[in-house]
Amino acid sequence: MDTITLIWLALPFLAGFIIYLLPKCSRILSLAVLSISVLYPFWLLTSGQDLTLQLLDNFGVSLFIDKLSGYFILTNSLVTIAVLFYCWYEERKAFFYTQLMILYGSVNACFIGYDFISFYVAIEVISIAAFLLIVYPRTDKSIWIGLRYLFVSNTAMLFYLIGAILIYKANNSFSFNGLSNSPPEAIALILLGLLVKGGVFVSGLWLPLTHASAETPVSALLSGVVVKAGVYPLIRLALIVDEMDHIVRIVAIATALLGVIYAIFESDVKRMLAFHTVSQLGFVLASPPVAGIYALFHGLVKSSLFLMAGSLPTRNIKELKHTNINTYLWIALVIASLSISGVPLLAGYCAKVLTVKNLYPWQVMLMNIAAVGTAISFAKFIFLPHDTSAKILKQNWGFWFGVIFLLAGLIFANGFYLSTYTLSNIIKALITVFIGWLVYFVLIKKAVIKLPRILEDFDHLIGIMSLTLVGLFWMVLP
């Protein structure tokens with residue numbers, strides 16, 4: 001199985017190289033590689049086996065693959081397949097598909113890495129591939145957004161790299177296990193790099209503008225899988241080190257509440273979805289033992305929402321309230337919105353129930369407030385006017401196949417978590433959604449509140465990193 005794992009890991013990079021040499025085969029080859037690769041996470045989740053690979057002793061690559069890895073890898077596979085379907089009928093050059101395969105392979109590498117340096121290499125490859133996808137349109141705005149993303153990302157990872165060196169100095173190893181025997185400053189530096197890269201709390205305020213400005217399929221990739229590459233090691237470290245678990249859960253609550261507050265009052269569709277990515281990352285981090293399940297279902301629903309956002313007649317929510325959208329598109333929006341709100345019969349409900357069951361008592365009330373905020377936000381989509389005669393901005397088989405592929409996953413996955421369907425759980429979920437909708441109609445629907453965006457300015461992002469680092473030092477120092 002070790003050999004199969006290494007072949008699976010290398011296959012997307014090989015495909016990216018071949019695509020650049022044989023551009024006419026780009027879509028077919030990408031689909032073939034993804035179809036083969038998606039079998040690997042299914043095997044991980046069904047077999048229950050854990051794999052450990054140590055390639056070059058303490059100076060080499062440590063890989064650890066278990067069910068947690070399986071959920072994240074499956075998320076990456078399904079979202080990338082849906083994006084490929086979405087782009088199938090578009091005139092995109094082989095360069096795009098080359099970067100798509102490199103991004104897919106490097107994200108997989110992050111999800112199985114078990115040492116700080118291997119993860120650093122993989123995350124930097126992700127940054128380069130994501131940058132090239134963001135700037136693919138070659139417009140002035142896309143180039144600036146891409147450079148902004150790359151600068152913030154690389155600055156954060158410099159802090160991370162210093163922390164990794166301090167961990168090696170203390171343990172003579174870069175393994176994740178060494179974090180428990182490392183100086184506090186190393187933990188703070190590692191945390192800062194991962195919080196920024198994952199788009200968590202105020203460290204992630206680079207995320208809304210980046211995700212909202214990127215092309216539709218790239219936004220789906222960024223929110224569906226790329227940010228989870230930064231979140232994954234936080235979860236892994238929280239499961240290894242008890243002190244990290246406490247810090248991660250505190251940051252998770254702050255993230256969930258910050259993101260949902262901004263999302264509630266946001267009037268731009270893609271920015272609202274981007275802020276909700278921040279908020280939902282809080283849900284992923286809030287309960288590390290079941291983080292993989294929530295990450296999977298969030299990846300499916302958020303990528304589908306971003307794909308559908310590109311087909312709406314306008315991105316302005318106020319204008320959408322007075323504009324009929326196509327009924328079939330509205331139905332798809334409603335399914336995704338109900339899922340992320342936690343309505344039964346959709347996978348988002350299962351994920352939220354499992355997350356709440358694994359929360360500490362002091363987390364429950366605050367996470368329930370964030371859940372109500374989620375229902376408030378997505379009521380904006382659920383109660384939009386619609387008409388079967390309304391046109392869809394982007395309509396082809398690739399679009400519908402990609403969206404239906406993701407939504408089908410949200411429905412099909414319910415069968416694996418039937419234990420969550422108890423009367424008390426169902427009632428709690430429906431009450432949460434009902435309260436959210438009630439607040440939306442009574443207070444939010446006609447409210448005109450615009451939260452300041454000053455903290456998203458490039459000038460302030462590095463300053464926020466510095467302040468976050470001070471806060472982390474305060475949290476980890478004895």
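Contact here means heavy atoms within 4.5 Å. The legends below describe a predicted model.

**Figure 1. Overview of the protein chain, with 20 helices and four strands.** The radius of gyration is 21 Å, close to the 23 Å that the globule rule gives for 478 residues, so the chain is as compact as a globular protein of that length. Along the principal axes, the C-alpha atoms fill a box of roughly 65 × 55 × 50 Å. Of the 478 residues, 61% count as buried. Among contacts with a separation of 6 or more, 81% are between residues 24 or more positions apart.

**Figure 2. Surface and charged side chains of the protein chain.** The accessible surface comes to about 18700 Å², and carbon and sulfur atoms account for 69% of this area. The chain carries 29 positive and 21 negative side chains. The centres of these two sets lie 11 Å apart.

**Figure 3. The annotated segment, residues 114-376.** An unreviewed UniProt entry gives this range the annotation "domain: NADH:quinone oxidoreductase/Mrp antiporter transmembrane". In the model, the chain over residues 114-376 is 78% helix and 1% strand. The C-alpha atoms at the two ends of the segment are 39 Å apart.

**Figure 4. Close-up of threonine 374 in helix H17.** Helix H17 spans residues 361-382. Threonine 374 has a relative accessibility of 0% and therefore counts as buried, the cut-off being under 20%. Not counting residues up to four places away in sequence, threonine 374 touches Val260, His276, Gln280, Phe283, Ile340 and Ser341.

**Figure 5. Close-up of isoleucine 73 in helix H4.** Residues 67-87 form helix H4. Isoleucine 73 counts as buried because its relative accessibility is 0%. With neighbours within four places in sequence left aside, the contacts of isoleucine 73 are Trp8, Pro41, Leu44, Asn108, Phe111 and Ile112. Alanine 286 is 213 residues away from isoleucine 73 in sequence, and the C-alpha to C-alpha distance between the two is 20 Å.

**Figure 6. Close-up of serine 37 in helix H2.** The helix covers residues 26-37, and serine 37 is buried, with a relative accessible area of 0%. Leaving aside neighbours within four places in sequence, serine 37 is in contact with Trp8, Leu11, Ser77 and Tyr104. Trp8 is also listed among the contacts of isoleucine 73.

**Figure 7. Close-up of tyrosine 160 in helix H7.** Helix H7 runs over residues 140-171. The relative accessible area of tyrosine 160 is 0%, so the residue is buried. Apart from residues up to four places away in sequence, tyrosine 160 touches Phe116, Phe119, Tyr120, Leu189, Ile190, Gly193 and Leu194. Lysine 357 lies 197 residues from tyrosine 160 along the chain, and their C-alpha atoms are separated by 32 Å.

**Figure 8. Close-up of alanine 254 in helix H11.** Helix H11 comprises residues 242-264. Alanine 254 is partly exposed, with a relative accessible area of 23%; the class begins where buried, under 20%, ends. Between alanine 254 and alanine 286 the C-alpha atoms are separated by 9.9 Å, with their positions 32 residues apart along the chain counted as their separation.

**Figure 9. Close-up of arginine 138 in the loop between helices H6 and H7.** Helix H6 covers residues 116-134. Arginine 138 has a phi near 65 degrees, a positive value in a residue other than glycine. At 49% relative accessibility, arginine 138 counts as partly exposed, as exposed requires over 50%.

**Figure 10. Close-up of phenylalanine 201 in the loop between helices H8 and H9.** Helix H8 spans 184-198 and helix H9 spans 207-213. The phi angle of phenylalanine 201 is near 55 degrees, which is positive although the residue is not glycine. Phenylalanine 201 counts as partly exposed, with a relative accessibility of 31%.

Terms used: Residues numbered from 1 in each chain as written. Predicted model: local features only at pLDDT ≥ 70, side-chain atom pairs only at ≥ 80, totals over all residues. Heavy atoms only, no water. Rg over C-alpha atoms; globule rule 2.2 N^0.38 Å. Buried < 20%, exposed > 50% of the residue type's maximum accessible area, 1.4 Å probe, protein only. Areas by Shrake-Rupley, 256 points an atom, 1.4 Å probe, with all protein chains shown as cover. Lys, Arg positive; Asp, Glu negative; His and termini not counted. Charge placed at Lys NZ, Arg CZ, Asp CG, Glu CD. UniProt positions renumbered as here; feature names shortened; annotations may be inferred.
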